[in-house]
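Please open the structure in the viewer and keep the selection panel at hand. The stops below proceed from a single residue to a helix pair and then to annotated segments.

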Amino acid sequence: MAGVPGVTVPVVAWNWVTSAYAAAGEPEAALRVATELIRDGYSPDAVTMATVVTAFRRRLTSSGSGAVPAAAEGDAVLAAWQALLDAGGRPNQVAFNAMAAACGAAGRPDGVRLAMKQMRAAGLVPRERAWVALVHAHARCADAEGAEAALQEALDTEDAAVIAGGGVLGEMAAAHPAGAQGRGAGHGGRGQRPGAPSPLRRSVVLWGAAAGAFAASGRAADVERILDRARREGGVAPSAATDSMRIKALAIRGDAEGAARVLEEALAEGRPVNGHAWTTLCAAFAARGMGAEALAAIHRALDAGARPQASALVLVTRAFGDDTQLAATAWEALAERGVPPSLQAFNALARAYASAGDVAGATATLDRAQAAGFAPDSFSFRAAMHAAAVAGDPEAAEALLERSQSALGVVTVADMAILANAYGVAGDLSGALKAMERGEAVADAAKAAAEAAAAAEGDGAAEGSRAAAAAGSEASHEKDSGSEAGGAAAGLEADDDDDDDDDDDEGIVDDDADVDDQQADDSQGGRPGQRGASSPATALPAPAEARATTTGRDTPLVSLYNSAMKAAARCGDAAAAMGVLDRMRARGEEPSRSTMGVLAEAFVAAGCPADAEAAIGTLQNEGVKAALRPGRHAWTAIIDGWATEGVVDKAEAALQRLEADAAEEAAEIGPGRASEALGPDIVSYGALMRAYATAADGRGALALADRCEAAGLELTDPVYMSLVAAFWRSGDEEGAAGVIERMHARGHSPEPKLLSHLQHLIAQGAGADEAIASAHASAHGGVARGEALRDALAHSAADDPRA
């Protein structure tokens with residue numbers, strides 16, 4: 001043992017330690033143990049190599065399957081593997097498969113292909129696990145077409161191997177490739193029925209991985225096509241796993257009703273529906289804010305004896321939005337049926353309070369979690385801080401920050417971004433800028449500590465692992481600090497506490513059993529390897545330097561600066577916003593799509609929509625991210641600015657730019673992969689509708705309403721209000737009344753108080769400006785169910801017989 005003279009620890013003992021760290025998903029620690037083994041004079045054996053890379057995979061899969069992994073994660077896997085090879089590591093089939101699986105989880109097809117190439121160089125044949133890893137790697141990169149191409153390559157490779165074997169089986173395979181038999185070269189097709197599909201063609205996991213790639217982007221038709229091929233070519237029958245894929249695709253596409261139909265179809269045909277499928281259906285309803293339906297899905301799962309995933313209570317909580325009373329009722333109902341709360345569920349409830357700006361409720365949820373035996377984590381405290389930010393209560397935010405630091409022992413840049421936002425909502429620009437400066441100091445201290453640690457350790461492989469740890473930290477920030485609107489949608493993916501329970505449903509092969517079996521075999525008599533043992537000839541490439549991630553999400557520092565710029569926008573201080581932007585770029589941070597949005601807001605708030613267009617155009621032209629487009633946030637702010645001035649043609653031009661940007665990005669990166677935050681939504685069209693209302697152009701507004709519906713968007717109360725106002729201002733009361741009739745014809749039930757006020761406008765001819773402004777503020781503020789709007793129109797409640 002290093003540092004203990006005369007004590008020699010066999011490789012098998014080191015491997016038991018690395019396997020313990022691998023089981024905990026702690027790759028840096030596993031790699032440190034492997035480094036100690038090397039320093040003791042041993043070469044890492046196949047078990048060492050398998051357990052180290054498995055630790056990386058477990059960390060990647062435990063964080064959920066939704067987000068594209070940071071590039072540094074894949075770099076760290078490749079660097080660790082190469083370090084073990086350089087130390088004389090001798091991988092076997094299990095180790096190669098573990099490496100392929102880790103690269104698959106990291107979204108690195110290049111790493112999987114190198115592992116397969118090294119297999120062949122070592123005289124081994126890549127089989128199902130390796131091919132599934134390759135398909136999964138493309139899926140993790142949101143490259144569904146690449147995943148399908150990898151599937152086809154696997155099938156073609158197996159067919160070619162059978163044909164190369166010659167004999168009767170080879171002739172059959174050449175004549176009927178889709179029904180090829182045998183297990184490839186060296187197996188001779190022993191044990192295969194004549195005409196039966198080959199092993200890869202009947203692999204449910206391989207087909208499932210390809211279908212899952214399309215399901216992840218909501219491409220339900222492609223999922224059906226892949227599963228149909230699986231049935232025809234491989235004899236893969238419908239099952240709980242294939243039903244889950246179909247439900248997931250429809251859920252992500254937003255078709256909760258379609259997902260429910262698939263589930264009912266499975267039940268009608270006598271197929272068991274697993275907990276994963278029920279939970280995915282719950283997520284589909286949650287994404288639509290259909291709380292009652294989400295809760296009913298979990299009750300039905302329990303009635304059927306299925307075990308919903310641990311994220312079920314989280315999803316039900318999110319489904320009720322900021323209606324914390326209904327969420328609490330759902331908690332009680334599920335608790336009576338034995339569904340226990342988790343820390344994630346408490347955090348979801350705290351975020352519900354945060355959406356409503358209920359600091360007391362969010363803080364009480366922290367206390368309740370502690371009373372239930374959970375230790376609040378960074379997500380818990382940030383949720384409570386978000387509540388203070390929404391409420392514009394920086395004093396409460398400061399107090400919660402102090403409590404978080406006391407409990408966790410650390411303050412992060414993400415915490416300071418929330419604090420800056422709290423000051424901004426309170427209209428305290430000076431406080432927001434000071435919070436930004438405090439966040440910069442936190443970032444500088446963290447950087448200095450990391451550099452000191454790197455200098456002290458000075459180990460290349462460990463440095464690669466640290467990069468992965470940093471990427472994991474940033475991914476954690478992204479998950480926690482994302483927009484409130486995306487919270488329910490995020491529930492369509494696995495939650496933190498679901499780990500590998502449903503790997504087979506997702507088309508992922510779990511290599512852990514092989515690694516554990518090999519560990520057990522090795523314990524019967526492992527032999528320390530010798531330095532300089534031969535290793536596969538093909539070297540892995542050097543890790544990429546600071547490659548950008550493909551998620552497009554903001555780093556903690558960029559979020560910090562965006563919060564400060566948002567505070568400037570709220571104060572209508574475009575000059576201050578530009579000052580923050582200059583400070584951001586001086587520190588080497590590149591503006592993001594969100595940065596463009598808050599900058600546009602600042603100029604619009606200052607009454608300068610033309611300057612907003614010029615500013616985001618400059619950012620787009622000068623930025624390092626050449627493909628970065630302003631997106632929905634920025635263009636909607638600009639449309640809103642032109643709407644305030646009643647300049648319809650410029651507002652229309654801004655919407656057309658938004659539509660063009662969305663089309664161009666979709667063409668560049670493929671259908672289903674364009675950012676959801678790029679194209680126009682009902683808020684974008686609503687801002688343009690307000691321009692028509694300001695210009696008193698009822699006919700133009702009506703045409704815009706038709707365009708909204710043609711785009712698949714349902715008009716909301718604020719949009720209908722602007723549509724009514726457009727007719728009313730032009731003196732066309734009949735047209736305004738026709739809008740109300742249109743609402744009823746579309747099955748849209750306006751809020752009673754809103755309908756009352758609309759009728760009041762038509763009858764009295766007064767108060768339109770205030771009503772339109774209130775409706776617009778409600779839409780842009782994201783106030784659920786128009787609470788602020790109803791308050792603004794309370795004076796007219798008595799006019800409505802239903803009120």
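Select Leu 619 first. In this predicted model, Leu 619 has a relative accessible area of 7% and is therefore buried, the cut-off for that class being under 20%. The residue belongs to helix H30, which covers residues 609-622.

Next, display the surroundings of Leu 619. Apart from neighbours within four places in sequence, Leu 619 is in contact with Leu 581, Arg 585, Pro 591, Met 596 and Leu 599. Add Thr 595 to the selection: Thr 595 and Leu 619 are separated by 24 residues in sequence, and their C-alpha atoms are 9.4 Å apart.

Move now to helix H15 (residues 291-303) and helix H17 (residues 324-336). How do their axes cross? The crossing is at roughly 0°, and the axes come within 11 Å; H15 and H17 are therefore roughly parallel to each other, since angles under 35 degrees fall in that class. To view the contact, select Leu 295, Ile 298, His 299 and Leu 302 in H15, which meet Ala 330, Ala 333 and Leu 334 in H17. By class, this contact comprises six nonpolar residues, one polar residue and no charged residues.

Finally, colour the segments that the unreviewed UniProt entry annotates as "repeat: PPR": residues 10-44, 92-126, 342-376, 557-591 and 716-750. Within residues 92-126 the chain is 74% helix and 0% strand, with the end C-alpha atoms 11 Å apart. For residues 557-591 the values are 77% helix and 0% strand, and the end C-alpha atoms lie 10 Å apart.

Key. Residues numbered from 1 in each chain as written. Predicted model: local features only at pLDDT ≥ 70, side-chain atom pairs only at ≥ 80, totals over all residues. Heavy atoms only, no water. UniProt positions renumbered as here; feature names shortened; annotations may be inferred. Helix = DSSP H or I, 4+ residues; strand = E, 2+ residues; numbered from the N terminus. Axes fitted to C-alpha atoms, helices over the stretch in contact; angles between N-to-C directions. Parallel < 35°, antiparallel > 145°, perpendicular 65-115°, else oblique. Contact = heavy atoms within 4.5 Å. Nonpolar A, V, L, I, M, F, W, Y, C, P; charged D, E, K, R; others polar. Buried < 20%, exposed > 50% of the residue type's maximum accessible area, 1.4 Å probe, protein only.
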